[in-house]
Amino acid sequence: MMREHGNLIVWPSLIAAGLLAVACSDQPNVNMAPQKPNFWASPPPAQCPTGKWTGGGRIDPTGMRTAANYDNVDEPSPTGDPPPAPDPAPYFTGKFTFGFNVFLATNAANRCFVQKGEIEVNGHPFKVAWHVSIHDGVDSFSGDSVFANVFADNSGRGFCLVVGTADAFMTARVNPGDGRETAQFEVCDNDRGKPQNSRTDAMRWRATPFHSGETGPTGDTGLTYLRGGNIVEHGS
Amino acid sequence: MNGKSMHWVNRLAALGLVVGLVAGLATAGSAQSVGGQAYSTYVNTPLGSSGQSPLAVLPAVTGTDGAEADAEGSALNVAGALSGDFLNSITSGQIGPAEAGAQSTSSAASVNILNGLITADEVVANVMSSAGQSGAVSDAAGSTFTNLTVAGRSLSGDQAVAPNTNVSLPGVGYVVLNEQIPTGDGVTSSGLTVNMIHVYLQSITGGTVDPLTGQVIGGITTTTGEIIVGSATSSVGP
């Protein structure tokens, strides 16, 4: 009787321990089937305070709004920032390659800004390399804050990020020549939680020598689907 | 007897609990890994040498983090071997709750290899690797040549070339266009290196010359150098 009573206590404990061990573990040897990466949950909505965005690749803007690689659906943004391309005119066309990493935060006024970030954009038609570097919330080339905006895109496929909102933009270094130019960067992660080679992510780059002393080409790629690469919002 | 038995089973249960917790905590902390690098040019020939340049290497990424690295170069000239300009390399990578990955791109313009034997207005290497719910994948989409000429044969416009296209360069060696080197199992890991132009310089010692064709028959082929233009690598793994 005592042994039976003991078993009533002990076996549930064993089962609980076993279940707990399984729940807390994804040891590869438990299941002989091919192991999947340890992230099965769909990502929650992107938002500013915890936003981390990284990506890179290539776009080939054509300057034609009817072109198949132009992301008409997601431009303009629901808030109207940025406006429809080209703004500023003309369209940038040709090959653009890029890479970036941006961490977002909110300031005391609850406004979204870039805490740290690096953005590199290469404009191949005119052999110009732009670079934006942001540390401790400050644009290294202007000394100003760089504000950002995260929003669900019009297509419902994902989220977009604008770096350098229209009230302040941001300052990029321009090489060759170590010049400066006012710029804005937009990316859309349109394949969140789905296969990442869908070519539905998009990028837009706007630049113009807006302030005195600035140099560099003027134009706007428009929001253009990636020909290669990937855009990932990974902070949610 | 019964008391002893219960005591033993309780100890076993406690041990199972501890082992389970430790194992669970250990695996929960295991991170995904991402890697990437890119460079525009590399020269290692008897004519001259130049290391991987400009080289961008992805810093270590941990947790739900991300990073970017880039390198800009102006022009390169290794006399008789390679010249080019607008050399740029970018790599970035991220680990998130739903997916992890890396992407790299490199480019070179006004490319001239071995005194015009191979020329291109521009070369772009572009790769990405990603692991998520659907497995792990890599691709080289966006890797193209603009107005490529190899030993007198031209490819006009901006075009991709089939992966691992091998073209003989008589008296010199051979070139592999869009050389792709995959890694990983496609389930939890995947990686890809693309070298858009990879010239293998070769010499032959010994052998005899066929009087009808002028080609060397027999002999020992030795690789004496290599030239790479447009290299990009990305990887993701457990």
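**Exercise 1. Sequence separation and overall make-up**

What percentage of the contacts in chain B with a separation of 6 or more is accounted for by residues 24 or more positions apart? Describe the secondary structure and burial of both chains of this predicted model.

*Solution.*
- Step 1. In chain B, residues 24 or more positions apart account for 60% of the contacts with a separation of 6 or more.
- Step 2. For chain A, 67% of the contacts between residues at least 6 apart in sequence join residues at least 24 apart.
- Step 3. Chain A holds one helix and 13 strands, and its sequence order is α-β-β-β-β-β-β-β-β-β-β-β-β-β. Chain B comprises one helix and 16 strands.
- Step 4. Burial applies to 47% of the 236 residues of chain A and to 43% of the 238 residues in chain B.

**Exercise 2. The neighbours of strand 2 in chain A**

Determine how strand 2 of chain A pairs with strand 1 and with strand 3, and state how far strand 2 is covered.

*Solution.*
- Step 1. Strand 1 of chain A (residues 52-59) pairs with strand 2 in the antiparallel sense, over eight bridges. Within chain A, A:Ile59 stands opposite A:Phe96 of strand 2.
- Step 2. Strand 2 and strand 3 (residues 112-123) of chain A also run antiparallel and are joined by eleven bridges. Here A:Phe100 has A:Ile119, in strand 3, as its bridge partner.
- Step 3. The hairpin formed by strands 2 and 3 of chain A has five residues between the strands, and A:Asn110 takes a positive phi near 60° in this hairpin.
- Step 4. Strand 2 of chain A spans residues 96-106 and is mostly covered, with eight of its eleven residues buried.

**Exercise 3. The largest nonpolar core**

Identify the residues with the most contacts inside the largest nonpolar core, and trace the contacts of B:Ile197.

*Solution.*
- Step 1. The largest nonpolar core has 94 residues, and those with the most contacts inside it are A:Ala148, A:Val163, A:Val187, B:Val123 and B:Ile197.
- Step 2. Strand 7 of chain B (residues 118-132) gives the most to this core, namely eight residues.
- Step 3. Leaving aside residues up to four places away in sequence, B:Ile197 touches B:Ile113, B:Ile118, B:Val123, B:Val175, B:Leu177, B:Ile228, B:Val229 and B:Gly230.

**Exercise 4. Cis peptide bonds**

Locate the cis peptide bond before A:Pro88 and the one before B:Pro54.

*Solution.*
- Step 1. In chain A, the cis bond joins A:Asp87 and A:Pro88, with omega about 10°. A:Pro88 belongs to the loop between strand 1 and strand 2 of chain A.
- Step 2. In chain B, the cis bond joins B:Ser53 and B:Pro54, with omega about -20°. B:Pro54 belongs to the loop between strand 2 (48-53) and strand 3 (56-57) of chain B.

**Exercise 5. Positive phi outside glycine**

Are A:Lys127 and B:Asn178 buried or partly exposed, and where does each lie?

*Solution.*
- Step 1. A:Lys127 is not a glycine, yet its phi is positive, at about 50°. The residue lies in the loop between strand 3 and strand 4 (128-135) of chain A.
- Step 2. A:Lys127 has 16 other C-beta atoms within 10 Å and is therefore partly exposed.
- Step 3. B:Asn178, also a residue other than glycine, has a positive phi near 55°. Its place is in strand 12 of chain B (residues 173-183).
- Step 4. The buried class requires 20 or more other C-beta atoms within 10 Å. B:Asn178 has 22 C-beta neighbours inside 10 Å, so it counts as buried.

Notes:
Residues are numbered from 1 along each chain as its sequence is written. Chains are lettered from A and ligands numbered from 1 in the order in which they are written. This is a predicted model: local features need pLDDT of at least 70, side-chain atom pairs count only at pLDDT 80 or more; totals for chains, interfaces and linings use all residues. A residue is buried if 20 or more other C-beta atoms lie within 10 Å of its own, exposed if 12 or fewer, and partly exposed in between; C-beta atoms are placed from the backbone. Helices (H or I, at least four residues) and strands (E, at least two) are DSSP runs, numbered from the N terminus. Two strands pair if DSSP finds at least two bridges between them. A nonpolar core is a set of buried Ala, Val, Leu, Ile, Met, Phe, Trp, Tyr and Cys residues joined through C-beta atoms within 7 Å. Two residues are in contact if their C-beta atoms, placed from the backbone, lie within 7 Å.
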